[in-house]
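The exercises that follow ask you to read a fold from its coordinates, one residue or region at a time. Please work through each task before turning to its solution.

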Amino acid sequence: MLVTSATSMLRAGAGRSASGLQPMLLRTTTACPYSAGLNMISPFSSMSQQPLAKFRTSPPTTRRTLSTTPSRLSTDAEVDAAAAAKASKAQIAAHPETPALNWETFFKLRKSRRRWQQGFSVLGMLGFGLAGSMALGSGAADSLVGNIPLDPLMTMGLMTMGFAALGWLVGPSVGTVVFNAMNSKWKAPMALKESQFFARIKKNRVDPTASSARNPVPDFYGEKISSVAGYRQWLRDQRAFNKKKIGV
């Protein structure tokens with residue numbers, strides 16, 4: 001009896017919930033815990049109401065500014081060239097008494113400085129080699145020569161050559177100091193002109209990765225340039241290298 005009454009009560013409750021609660025949930029959305037998300041506005045509804053042409057014709061402002069700015073520098077060589085030109089203008093404005101240095105005079109001074117460097121390299125090689133041979137001949141390094149497992153004469157010869165090589169490497173630095181002392185008024189203008197020159201070399205030289213045995217890189221560092229005509233020839237050589245690279 002109890003079981004039968006309980007079963008009938010459960011069936012009556014289920015019938016009432018099916019017929020009463022479900023229409024109530026359909027009429028109102030606040031009673032259902034899952035209905036909050038159904039009342040939110042769809043993120044695509046506003047986009048569907050706006051024309052697509054609006055998005056196509058109005059790109060971001062920053063993107064348009066970057067693409068249309070003519071003063072934007074894209075390579076390191078252009079940055080170096082602009083920095084060198086700016087430094088030159090600032091130096092001229094700060095020191096108007098400094099003598100002007102044109103390109104022909106710059107190349108003449110550069111050639112003269114190279115000759116001083118080479119001359120002191122030769123003198124340094126001879127001087128250091130002679131001093132090293134005299135020091136080794138006097139027996140000052142007998143203990144060191146005895147510890148090397150080679151013939152003593154060969155060891156002394158190699159050490160003398162090492163002293164000579166050291167003098168060859170020290171020579172350019174001494175030659176530069178002597179040249180700057182003799183041409184002190186051109187020291188600052190020449191430094192600025194040299195920064196501009198190397199910026200031009202870096203900007204106009206070719207890509208060395210495309211070189212080959214039949215198409216070698218023509219004077220990558222511009223060391224052979226000694227005049228304005230030589231610089232123009234260097235530019236023609238760079239263009240000829242690029243033409244051979246692309247097979248024109």
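**Exercise 1.** Locate Lys-193 and state which residues are in contact with Lys-193, leaving aside neighbours within four places in sequence.

Solution. Begin with the secondary structure: Lys-193 is found in helix H9, where helices are DSSP runs of H or I with at least four residues, strands are runs of E with at least two, and both are numbered from the N terminus. Next, consider the surroundings, taking contact to mean heavy atoms within 4.5 Å: once neighbours within four places in sequence are set aside, Lys-193 touches Leu-101, Asn-102, Trp-103 and Phe-106. Finally, look at the charge: Lys-193 is buried (under 20% relative accessible area, whereas exposed means over 50% and partly exposed lies in between, with a 1.4 Å probe and protein chains only), yet Lys-193 has no salt bridge, and the nearest side chain of opposite charge, that of Glu-104, is 12 Å away. A salt bridge here requires a side-chain nitrogen of Lys or Arg within 4 Å of a carboxyl oxygen of Asp or Glu; Lys and Arg count as positive and Asp and Glu as negative, while His and the chain ends are not counted.

Before going on, note that this is a predicted model, in which local features need pLDDT of at least 70 and side-chain atom pairs count only at pLDDT 80 or more, while totals for chains, interfaces and linings use all residues. Residues are numbered from 1 along each chain as its sequence is written, and side-chain values use heavy atoms, with hydrogens and water left out.

**Exercise 2.** How many salt bridges does a search of the whole structure find, and which residues form a salt bridge?

Solution. The search of the whole structure finds one salt bridge. Glu-194 pairs with Arg-113, and their closest N and O atoms are 2.6 Å apart. This pair links distant parts of the chain, since Glu-194 belongs to helix H9 (residues 187–204) and Arg-113 to helix H6, 81 residues apart. As to burial, Glu-194 counts as buried because its relative accessible area is 16%, and Arg-113 counts as buried because its value is 15%. To complete the setting of Arg-113, leave aside neighbours within four places in sequence: Phe-179, Met-190 and Glu-194 are then in contact with Arg-113. Arg-113 and Asn-180, which are 67 residues apart in sequence, have C-alpha atoms 8.6 Å apart in space.

**Exercise 3.** Describe Asp-219, Gly-222 and Glu-223, placing each in the chain and deciding whether each is buried or exposed.

Solution. Asp-219 is placed in the loop between H9 and H10, as are Gly-222 and Glu-223. Asp-219 has a positive phi of about 50 degrees although it is not a glycine; for comparison, most residues other than glycine have a negative phi. Asp-219 is buried because its relative accessibility is 18%, and Gly-222 is buried because its relative accessibility is 0%, whereas Glu-223 is exposed because its relative accessible area is 52%. Turning to contacts, and not counting residues up to four places away in sequence, Gly-222 touches Arg-110, Phe-197, Ile-201 and Trp-234, while Glu-223 is in contact with Arg-110 and Arg-114.

**Exercise 4.** Which residues make the nonpolar surface patch, and which helices each supply at least two of its residues?

Solution. A patch is made of residues with over 30% relative accessible area and no salt bridge, like charges being joined within 9 Å and nonpolar side chains (Val, Leu, Ile, Met, Phe, Trp, Tyr) within 5 Å. Val-122, Met-125, Leu-126, Trp-168 and Leu-169 make a nonpolar surface patch of about 480 Å², with accessible areas taken from the Shrake-Rupley method with a 1.4 Å probe, and with only the protein chains shown counting as cover for residues. Helix H6 (103–137) and helix H8 (152–182) each supply at least two of the patch residues, and the largest share, three residues, comes from H6. One of the patch residues, Leu-126, lies in helix H6 and counts as exposed because its relative accessibility is 53%.

**Exercise 5.** Summarise the architecture of the protein as a whole, beginning with its helices and strands.

Solution. The protein has ten helices and zero strands. Of its 248 residues, 18% are buried. Among contacts between residues at least 6 apart in sequence, 73% join residues at least 24 apart. The protein exposes about 18,300 Å², of which carbon and sulfur atoms supply 64%.
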